[in-house]
Each structure stands twice: as structure tokens, then as C-alpha cells.
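Here are my notes on this one, written so you can follow along with the model open. Have a look at it first, then work through the points in order.

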Protein chains: 2
Amino acid sequence: MDEAELVRRLVAIGWKGSRAVRLGPGDDAAWVRGGVVISTDLAVEGVHFRFDWISPAEAGFRAGAAALSDLAAMGAAPEALLVSLAVPHDPSLAQALQRGVRGAGDRVGVAIVGGDVSRSPGPVVADVVAVGRAGTVVTRAGAEAGQGVWVSGSLGGAAAAVAAWSEDGEPHPGARDRFAAPPDRLPLGAALSGEGLARAMIDISDGLVADAGRVGRASGVGIVIRGREVPVHPGAGGDLNLALYGGEDYELMFTAPARAEARILALGEEVSVPLTRIGRVEEGAGVVLEDSRGRRAAPARGGYDHFAAPAER
Amino acid sequence: MDEAELVRRLVAIGWKGSRAVRLGPGDDAAWVRGGVVISTDLAVEGVHFRFDWISPAEAGFRAGAAALSDLAAMGAAPEALLVSLAVPHDPSLAQALQRGVRGAGDRVGVAIVGGDVSRSPGPVVADVVAVGRAGTVVTRAGAEAGQGVWVSGSLGGAAAAVAAWSEDGEPHPGARDRFAAPPDRLPLGAALSGEGLARAMIDISDGLVADAGRVGRASGVGIVIRGREVPVHPGAGGDLNLALYGGEDYELMFTAPARAEARILALGEEVSVPLTRIGRVEEGAGVVLEDSRGRRAAPARGGYDHFAAPAER
């Protein structure tokens, strides 16, 4: 069973509908009564990060920024964080992690309002809960044939850092920074939602192809990605595969009607985030790559899978 | 550094005030704009439970019930759960845990609206987020000299089960049940809050003495507990120490004005939960035990401390 199938089963087990809930599980965040948007994001030592890669404070910042990224992908405004920490018998480690999460909160003006702490007999586990508010949300299900597919920023930097560390090398400083300090796309997400520009949106946590596939499935459409249009992070050494399949960039992918293109480009200027049209939505299903001559190919693989057999990684 | 001090430091690091927040960290749950009440509760294998004690589904139920207990202690109505699971390379374990959490949600009529899942290279970690709503909340800070101190149900059952398991014995079935299936005190908590009966309230997760101490500190008062009045769970074999110092019972402790006594007793009948006055609030600080002849003694110790040195446990 892969991670996607496990998530589908967990959702099916847990969800039964509720009048208090506007949008249930399966998107970047839940949306409940009063317009409250909530998401949780796990960071597990040895899975999501390692302390010989980044410091405890950086791991905390990263976990906080990743949780807030889910709110950005809904177009929500952040209001608060909660932090649960399971740490070995070392209170100073918990404090360093907490300082890091607070840093991610400070960047967007929210505080840590609660949480829990426990000893862990194993790795550090940080679960960050992001709480926000939205009058309307952008889900993964609004993509329609004919819309453009867009991404913010550039991709592959975080994966390049992980690749370098995994080969006992030192990553490009820019790539390291992308891993340690995911960008804040909350103002962008809120503007794309508030102006009605984005029709489907997701944050790219598991890789562009994998997350585009999620939007395609949720919307019942196919996604065409033109490889040469995908902005590759300078730290990724021009490796398109890192941009297509690497995860952890926490940029936004969204779809938008063709008539919105000029306004989207202007918005990118206003919020100082490059926005690039990388493809289009079409009838059908699945993600397909298209080269500069219009030739199509199936993606080589999906994104990061926690439950794939090790040999497949 | 003990756990209480670590929690104080984590709160100080994370909290800076926020207009979006009605009640920040340090109580059973946070209370944010729109009356939303949120709490998280960690359950770590080998710390909070063991799989040779209870099944994965029971561990999930317990984690869900423990998270909901924080809402009960605020007098909030539950609306939703989110579940983050870090589990070894075994998807069936994650599903069993999720089914257990769903069971705790079903008991009180709420669904699981989101969460996260990751592989864990160590123990199972479940972090359950409970989301509720309240027009007003009962904090730990409302105790005043002259009020009575009350508890719901009976105490020491869960600790008796842990004590039996720790000595390689089989616990009393009733005690085992108290550990595996914490009670639902949401209707009680909501009624105590809604009728203005409880002035300070906490759920007893770390032991009566430890949690009474928290109410005393938050309110700036002393708490007198009359040992002979404390209802000891039948599974605890009459051991008052288990009731005073054992944790994990998830009953409610609250303080109330003397004039509310008759109504509180009637309410207990209405919701079928025994409510017992076990002491009183007085000027001063700290928790003191009082025997049947009015003699006073300091408690022998606090409650469960995740960060105490092992020799102190």
C-alpha cells in the first residue's frame, strides 16, 4: 500500500460528514464552522529532517512554515499555531524547536497558543497545527479543462539540498535555505483566492508531479506540464527532475482561467513572487509531461512516499 | 528542569499576545476568535501507553478521548478532530489507530476532518487535535477562597492498571477499562460552564494533586483536599495514593461557590456522573491534604513528570 492509498483509507475511516464542517478531509486543510481553517503537519526526525542537516531551531521553523503553507494553499489568513513536541530527555531541544516554530509564526504575525510536550523514546516528532480564517477557500477540486497551470517561485531547491546531504556533500547555500526556511506564500494565496484568480490550489510538499496529480484527481481532469517552462531553483543545478519530483519546496501550484493571466502576472509583481504558467488543464486524467516540440511522456514517478518499500526510494 | 518548568518556558517562547486570541496558552485549551476552542494531545508509545497493554484501536480511542477531555475542562462543545500519526512501516497499524480515534469521536458525535501521517523510525506517536466551540469558557484561574473543590467520577483506576502492568500483572478489568477508555465528560463540563456553576476547572490527566496545584497556581489560591472524601475507583483496591497521585483518569476537577452545592449534586444525577466535594479553596498557595481530624500534611509528591530524572519516577 502506498501513502496515497493509506491516506485515502484513513480519511474514509475518520470521516462521516458533519454539519459543523464546511470542507472535510482530503484537501490541504479542513474548513469548519465560522470559517476556521485548520491543518496539521508532522515533522519526524530521520524522515522529514535530520539534525546533521539543520539545527533544532531550523527544524522548528521549517515545521511551522510547512504547517502555515497549508493555509496559504487554501487562501486563508493565519491566526494561530499549536505545537506538539515529542523529544528525547533534553528540555533544551524542545525549547530550540519551539523558538524555531515561533520564528515561522513571527514571520506571518501569529503566536503559538497551545500544544503539548512529551518525552520521546525515539526521534523528535513535532506536530504543528495551523489555524486560520477564510470566508471562502480554494480547494483542489476547481480545475477545469482550458485553465492554465501555474507555480509560484522556483522548484527543486529543497530536494537538491537533501540530495547533497544524502551523498555526504554540502548543499548549495540557496538550496539549503529552501529546505531550512520554506517561503511564506500566505499573502499570495490570500490574494489569489480573494481576487478569484485561482480555481484550484495546492502547496507543493511532495513534488510538482505528485501534487499536480492530486489536483487532477480531485478535479477529475488531466494536467499537462511543459517541462521547459518549469522554473528550476538556482540551487538545483538545472536538474529538471529535482523540480518535477523533489518535494518540500512549499511553493503554490494553482490553476486559473486564461483571461486571468495578465492579472496574475501583475499580482506576482505586487507580492514580489515570480508566478509562472507551466502548463494547462485538459479533459482526461493523470499528469503528462510535454516537451518543447509538443511530444508527450508520462512522468517517471510520483513524489515522496512515506510508505513505499525502501527499495523504491 | 521538570515538566512544569519546561511547559512554562515553551509557553513563554511561543506566546506574544494576539488580537485573534481570547485565551492564550497555559490552560486546558486555547480559545480564539469566533469562540473556537482548540487543544492538542500527544500519545507516545512507550510513554503514554504500550501495545502489550492495549490494542492499537484502544490506543487511538484513548488518544481521542484524552484530547476531547481538554474541551470538557473548558466547558466547550466538540466540533471536530484532526489526527497526526507517525507509525512504523505498517499501514494497518495506522488504520487501527485511526479507527480508535474515530470511536472516541463517534461517542460525542464529531468526525475526523484532517490530519497527517508519516513513517516513524521509532515509536508510534499520535497527536490528536480537538476543536470545539464555546461562548464562554471556564479557565483554571477562577478559584477563590471559600469555594468548594469537586471531582467527577472516581480516581486512581487508570493508575492502578498501569501499576499492575508495570509489575507484569493483569489489572482489574474496571481499572483496565479506565485506562483504555477514558470517560466522556463533555456534557458535564458544558453544563457546569453553561449554568455558571464551575468557576475554575481542569481535567485530571497528571494526577489530582498535580492538577489541583495547577488550578491553585493559576488562581493564586491554596487548595485543601480532604483525603477521605476523594472517591477511589473500585479497581484501585482502596489505594488513596493512586487516586491522589496517579494520572490518566480524565475526570474533571472544578471549584464552585458553596451556594451551588445542591444544584451541582442534582446535575450529577441528571448526567449520571457522581460529583463529590473533596475539599475547599483557601487563601494562600499550594495543595494541602487534610485528614478526618483536620490535621494537615503536604502531599507526598506531584504527578506524572515526563522530564523528571528516571530515578525520581
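1. Let's start with a single residue: which residues does A:Thr139 touch, not counting residues up to four places away in sequence? The list is A:Leu23, A:Asp27, A:Arg199, A:Ala200 and A:Met201. Keep in mind that what you're looking at is a predicted model.

2. Where does that threonine sit? You'll find A:Thr139 in the loop between S6 and strand S7 (148–152) of chain A. Its side chain also reaches the backbone nitrogen of A:Ala141, at 2.9 Å.

3. Now zoom out to the sheet in chain A. It's an open sheet of six strands with mixed pairing, and the order is S1-S2-S3-S6-S4-S5. At the edges are strand S1 (21–23) and S5 of chain A, each of which pairs on one side only. Going from one strand to the next, the twist averages 25°.

4. For a close look at one pairing in that chain, try S2(A) and S3(A). They run antiparallel to each other and pair over three bridges. A:Trp31 is a handy landmark here, as it stands opposite A:Val37 in S3(A). While you're there, find H3(A), which packs on the sheet and touches S4, S5 and S6 of chain A. The direction of H3(A) makes about 170° with that of S4(A).

5. Next, chain B. Its open sheet has six strands in the order S1-S2-S3-S6-S4-S5, again with mixed pairing. The edge strands of chain B are strand S1 (21–23) and strand S5 (111–119), each pairing on one side only. The twist in this sheet averages 25° from one strand to the next.

6. Chain B also gives you a parallel pairing to look at. Strand S4 (residues 77–87) of chain B and S5(B) pair in the parallel sense, over eight bridges. To find your place, look for B:Ser84, which stands opposite B:Asp116 in S5(B). If you wonder what holds such pairs together, strands of a sheet pair through backbone hydrogen bonds, either parallel or antiparallel.

7. How do the two chains meet? On the chain A side 76 residues are in contact with 75 residues of chain B. Between them the chains bury about 5700 Å², with 65% of it on carbon and sulfur atoms. One piece of this meeting that's easy to spot is H1(A): it lies across S4 and S5 of chain B, running at about 155° to S5(B).

8. There are polar links across the interface too. Chain A and chain B share four salt bridges, one of them joining the side chains of A:Arg33 and B:Glu79 at 2.8 Å, N to O. The count of residue pairs in polar contact between the two chains is 18. Several elements of chain A supply at least two residues each to the side that touches chain B, including helix H1 (3–14) and strand S3 (36–44). The largest share, nine residues, comes from S5(A). Sorted by type, the residues on this side of chain A are 39 nonpolar, 21 polar and 16 charged.

9. One last thing to check is a salt bridge inside chain A. Over all chains, the whole structure has 48 salt bridges, and in one of them the side chains of A:Arg178 and A:Glu251 meet at 2.8 Å, N to O. Why pick this pair? A:Arg178 lies in helix H5 (residues 173–180) of chain A and A:Glu251 in strand S10 (residues 251–256) of chain A, so the pair ties together parts that are 73 residues apart in sequence.

Notes:
Residues are numbered from 1 along each chain as its sequence is written. Chains are lettered from A and ligands numbered from 1 in the order in which they are written. This is a predicted model: local features need pLDDT of at least 70, side-chain atom pairs count only at pLDDT 80 or more; totals for chains, interfaces and linings use all residues. Side-chain values use heavy atoms; hydrogens and water are left out. Contact means heavy atoms within 4.5 Å. Buried area is the accessible area (1.4 Å probe) that two parts lose on being put together, summed over both. A polar contact is a pair of N or O atoms within 3.5 Å; within protein, one must be able to donate a hydrogen and the other to accept it, and residues adjacent in sequence count only if both atoms are side-chain atoms. Helices (H or I, at least four residues) and strands (E, at least two) are DSSP runs, numbered from the N terminus. Ala, Val, Leu, Ile, Met, Phe, Trp, Tyr, Cys and Pro count as nonpolar, Asp, Glu, Lys and Arg as charged, and the others, Gly among them, as polar. Two strands pair if DSSP finds at least two bridges between them. Axes are lines fitted to C-alpha atoms, for helices over the stretch in contact, and angles run from 0 to 180 degrees between N-to-C directions.
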